[in-house]
Amino acid sequence: MNARATVQASEASFICASDVCKSYGQADAKVCVLSGINTTINHGEICVLFGPSGSGKSTFLNLLGGLEAADSGSIQVGDQDITQLSSKQLVEYRRKELGFIFQFYNLIPDLTIRENIEVGAHVSQAPLPIDDLLHNLGLWEHRNKFPNQVSGGQQQRCSIGRALVKNPRLLLCDEPTGALDYKTSKEILQLMEQVNRQYGCTMIIVTHNDAIKRMSHHILRLHDGCIVEDQMNTHLVPAMDLEW
Ligand SMILES: Nc1ncnc2c1ncn2[C@@H]1O[C@H](COP(=O)(O)OP(=O)(O)O)[C@@H](O)[C@H]1O
Ligand SMILES: [Mg+2]
């Protein structure tokens with residue numbers, strides 16, 4: 001099942017999860033959510049994470065993001081094992097390496113589209129130029145509007161901008177198109193594909209949309225806290241050609 005993880009420890013590997021376990025609760029109430037995750041994710045991959053509700057996708061993403069701690073196992077990201085970092089080092093890790101994109105955007109309502117992206121820039125030592133990003137994300141003419149004055153798709157573009165402006169090496173996306181209609185989802189997927197190519201960041205996308213696996217380099221499927229599928233996709237389909 002996890003043959004790939006062992007064959008693949010190449011110089012291109014970026015993330016390596018080994019025997020990662022996570023449970024919640026104690027004694028009789030203990031629920032094992034991840035039971036020994038092993039996988040390797042390469043630099044620059046779009047990696048899609050599938051699985052039924054409750055299978056542990058968000059938990060795995062939160063562990064990769066250093067938002068929660070594993071019970072055991074190691075998670076190597078770049079040259080550090082993030083399970084060994086102090087809470088101060090984890091703050092630094094999130095600040096430097098990570099961008100988060102969520103289903104419900106989490107924008108600050110009192111800030112304009114531009115200011116929301118600036119929030120991301122403030123926590124970075126080497127932010128990307130905001131004007132370029134606003135153009136690339138198709139938000140230039142909306143830059144002075146507030147989130148409630150633009151569409152859901154534009155709000156998600158803004159949240160992608162806020163994550164991206166830090167120029168992170170890793171983008172963690174939890175159901176980024178979950179709240180969007182078909183046409184807008186497709187636009188956002190095209191944008192994510194463009195962002196992956198243009199900025200070279202590794203992306204891990206949790207989704208329920210099966211079509212997304214066709215545009216992804218790497219497909220992971222979780223079931224009951226175990227990886228039951230770990231495959232590379234050699235026939236990439238451009239996001240604009242996806243249908244579902
Ligand atoms: N903070 C928590 N406390 C207790 N149980 C949790 C917590 N977070 C998640 N769980 C449980 O862990 C399981 C996996 O959750 P999650 O990772 O959110 O799954 P998914 O994202 O695949 O739907 C679920 O059964 C959920 O109820
Ligand atoms: Mg989830």
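**View 1. The largest nonpolar core of this predicted model has 38 residues**. Four residues have the most contacts inside this core: Ile117, Ile160, Leu171 and Val195. Several elements each supply at least two of its residues. The helices among them are helix 4 (113–122), helix 5 (130–136), helix 6 (152–164) and helix 7 (182–199). The strands are strand 3 (46–50), strand 7 (170–174) and strand 8 (202–206). Helix 7 gives the most to this core, with 5 residues.

**View 2. Ile160 and the residues it touches**. Ile160 has among the most contacts inside the largest nonpolar core. Leaving aside residues up to four places away in sequence, Ile160 touches Ile101, Leu137, Ile188, Leu191, Met192 and Val195. Val195 is also listed with Ile160 among the residues with the most contacts in that core.

**View 3. Another core lies apart from the largest one**. This core has 29 residues. Val33, Leu64, Val77 and Tyr93 are among them.

**View 4. Ten names make up the surroundings of ligand 1**. The list runs from Tyr24, Val33, Pro52 and Ser53 to Gly54, Ser55 and Gly56, and on to Lys57, Ser58 and Thr59. Val33 also belongs to the core of 29 residues. By type, the shell around ligand 1 divides into 3 nonpolar, 6 polar and 1 charged. Helix 2 (residues 57–64) provides the largest share of this shell, 3 residues.

**View 5. Polar contacts at ligand 1 include both backbone and side-chain atoms**. An N or O atom in the side chain of Thr59 is 2.5 Å from an oxygen atom of ligand 1. A backbone N or O atom of Gly54 lies 2.7 Å from an oxygen atom of the ligand. For Ser55, a backbone N or O atom lies 3.2 Å from a ligand 1 oxygen atom. Taken alone, ligand 1 exposes 560 Å², and the protein buries 56% of that.

**View 6. His43 sits in the loop between strand 2 (31–42) and strand 3**. Is His43 buried, exposed or partly exposed? His43 has a relative accessible area of 43%, so it counts as partly exposed. Not counting residues up to four places away in sequence, His43 touches Ala12, Ser13, Phe14, Arg169 and Thr202. Arg169 is 126 residues from His43 along the chain, yet 8.5 Å separates their C-alpha atoms. Thr202, another residue touched by His43, falls within the range of strand 8 (202–206).

Notes:
Residues are numbered from 1 along each chain as its sequence is written. Chains are lettered from A and ligands numbered from 1 in the order in which they are written. This is a predicted model: local features need pLDDT of at least 70, side-chain atom pairs count only at pLDDT 80 or more; totals for chains, interfaces and linings use all residues. Side-chain values use heavy atoms; hydrogens and water are left out. A residue is near a molecule or strand if one of its heavy atoms lies within 4 Å of it. A polar contact is a pair of N or O atoms within 3.5 Å; within protein, one must be able to donate a hydrogen and the other to accept it, and residues adjacent in sequence count only if both atoms are side-chain atoms. Accessible areas come from the Shrake-Rupley method with a 1.4 Å probe; for residues, only the protein chains shown count as cover. Helices (H or I, at least four residues) and strands (E, at least two) are DSSP runs, numbered from the N terminus. Ala, Val, Leu, Ile, Met, Phe, Trp, Tyr, Cys and Pro count as nonpolar, Asp, Glu, Lys and Arg as charged, and the others, Gly among them, as polar. A nonpolar core is a set of buried Ala, Val, Leu, Ile, Met, Phe, Trp, Tyr and Cys residues joined through side-chain atoms within 4.5 Å. Buried means under 20% relative accessible area, exposed over 50%, partly exposed in between (1.4 Å probe, protein chains only). Contact means heavy atoms within 4.5 Å.
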